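Q: Could you take me through one helix of this structure closely, in plain words? I would like to see how a single part sits among its surroundings.

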Amino acid sequence: MEVPVLKQGPFLIATVQAALTDEDLVHLRRAMVERVVIARSLGVIIDVTAMDIMDSFASRTLREVAQMIRLRGAETVIVGIQPEVAFAMVQLGITLEGVVTALDLEEGLNYLQEKFSSSA
Amino acid sequence: MAKDVERLERRTVWHETLVQGASLEGTAVLLRELVAHLRQNRTQLREEWARRITEAKLLTAMSKDEIFAEATAVYDQYVEALETGTFEALQAYARSLSERIIPRGVETHEVVGIVLLLRDVLARSLFAKYQADFTKLDRILDAYEPAANRIANTVAVGFVQERERVIRQQQEAIRELSTPVLQVRERLLILPIIGVIDPQRARQLTEQLLRGIRTNRAKVVVIDITGVAAMDATVANHLVQTVEASRLLGATVIVTGLSPEIAQTLVTIGVDLGKMNTVGDLQGGIEQAERLLGYKVVPIGAAS
């Protein structure tokens with residue numbers, strides 16, 4: 001299941017539609033890191049609302065995406081982590097340290113817009 | 001040879017059964033005699049018992065008349081249990097008695113005490129009656145003691161069970177008085193925690209808070225733990241987990257009201273609270289939250 005990536009102004013939005021296999025995650029990572037420079041994006045939002053499980057591989061991959069995208073000159077926000085998922089994650093000790101998180105897509109966009117309107 | 005041994009064993013078994021049967025028969029007869037004696041002296045023994053209860057300063061929460069009324073009921077149940085050998089009625093009575101007296105602050109030792117007193121009073125009366133015939137007394141006591149002990153046991157266990165039931169009920173009630181998640185401003189929630197945090201409650205708290213964050217679209221949460229008396233490593237870790245889970249939902253958490261004792265404990269046991277945003281009191285926490293959200297609160301006079 002491939003993850004569609006949409007361009008919205010200066011931002012890229014990747015919306016996860018269903019549970020992802022490890023392969024899908026690797027694919028998503030490569031696609032995002034490539035496209036962020038091609039699209040000259042300032043920020044990337046990954047919407048994981050539809051993910052009802054976040055295992056250690058998924059969270060590590062998301063963290064790597066965030067770090068790689070920072071190296072490519074843009075900011076990443078993970079949005080839409082479900083309360084139950086968040087609870088399960090912290091119990092497993094997965095905290096997505098160093099990654100910006102927001103409640104939902106709207107919040108994530110607000111965050112990026114504020115950030116880039118103040119620095120612009 | 002083997003056959004002989006087998007036969008011998010079988011004979012032994014048969015013999016023992018016979019002896020047991022005979023002694024059971026004897027016990028029943030003795031118990032009947034005992035019960036008749038206890039019925040005859042009901043008034044006197046009951047009074048003696050009630051007197052000794054008062055003397056021993058048991059059941060101080062109850063008036064003399066009440067003690068006497070309960071003593072009468074217990075006495076009759078006691079004799080009946082001795083007579084019939086069934087304990088269901090006594091058990092039911094012990095339970096309803098416990099239900100009545102527990103709210104009045106009657107303690108376990110008092111209940112056990114009165115039942116043991118009754119046992120002693122009755123045993124004394126048996127001594128007095130059979131003092132001339134020592135072998136008979138011995139056999140009567142053989143019949144009386146196991147039954148009496150079992151009765152004492154039944155009543156005590158019934159009381160303790162009832163008490164435990166009450167405690168369980170209260171625990172549930174406390175749990176249901178769960179902590180509210182309150183919105184004080186748009187996108188600002190407060191979570192005042194009062195009382196003891198156990199793992200179950202911590203879990204419930206976190207779930208409630210996360211749900212609250214989503215429904216209220218909160219950006220900042222102030223967790224006030226002024227009302228938490230003590231904190232150990234487990235509880236502190238729960239708190240850290242709550243903070244981290246909230247962050248995953250995009251909310252910043254401010255913890256307020258850590259008492260000096262809790263601060264000392266946390267430093268001593270070396271819990272890493274570096275990730276936690278802490279402010280001295282609830283007021284300071286709310287002020288900081290307002291700053292984070294871009295609110296500025298000014299007195300009406302100063303604004304104009």
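A: Happy to, and let's begin with the chain that holds our helix. In chain B, 79% of the contacts with a separation of 6 or more join residues 24 or more positions apart. Please keep in mind that this is a predicted model. Chain B has 304 residues, and 30% of them are buried. Its secondary structure consists of eleven helices and five strands.

Our part is helix α7 of chain B, which runs over residues 199-216. From first C-alpha to last, the 18 residues of α7(B) reach 25 Å, close to the 26 Å expected at 1.5 Å a residue.

Now look at which residues of α7(B) are buried: B:Leu205, B:Thr206, B:Leu209, B:Leu210, B:Gly212 and B:Ile213. They share the same side of α7(B), because the arc they cover around the axis is only 160 degrees. A general rule helps here: an α-helix has 3.6 residues a turn, so residues three or four places apart point the same way. On the face turned away from the buried side of α7(B), you can find the exposed residues B:Gln200 and B:Thr215.

What lies over the buried side? The cover of the buried residues of α7(B) includes β2 (188-194), β3 (220-227) and α8 of chain B, together with α3 of chain A. Just after α7(B) comes B:Arg217, with a positive phi of about 50 degrees.

A good residue to follow next is B:Val221. Leaving out residues up to four places away in sequence, B:Val221 touches B:Leu209 and B:Ile213, as well as B:Leu189, B:Leu191, B:Ser246, B:Ala251 and B:Val253. In the largest nonpolar core, which has 72 residues, B:Val221 is among those that touch the most other members, along with A:Val44, A:Ile78 and A:Ala86. Helix α8 of chain B, residues 233-248, gives the most to this core, with seven residues. Another core, of 36 residues, lies apart from it and includes B:Leu38, B:Tyr93, B:Leu117 and B:Phe159.

Finally, let's turn to the place where the two chains meet. Chain A brings 13 residues to the contact, and chain B brings 13 residues. On the side of chain A that touches chain B, α3 (83-91) and β5 (100-102) each supply at least two residues. The helix α3(A) gives the most to that side, with six residues. By type, the residues on that side of chain A are nine nonpolar, three polar and one charged.

Methods. Residues numbered from 1 in each chain as written. Chains lettered and ligands numbered in written order. Predicted model: local features only at pLDDT ≥ 70, side-chain atom pairs only at ≥ 80, totals over all residues. Contact = placed C-beta atoms within 7 Å. Helix = DSSP H or I, 4+ residues; strand = E, 2+ residues; numbered from the N terminus. Nonpolar A, V, L, I, M, F, W, Y, C, P; charged D, E, K, R; others polar. Core = buried A, V, L, I, M, F, W, Y, C linked by C-beta atoms within 7 Å. Buried ≥ 20, exposed ≤ 12 C-beta atoms within 10 Å, placed from the backbone. Expected span 1.5 Å × (residues − 1). Arc of directions from axis to C-beta.
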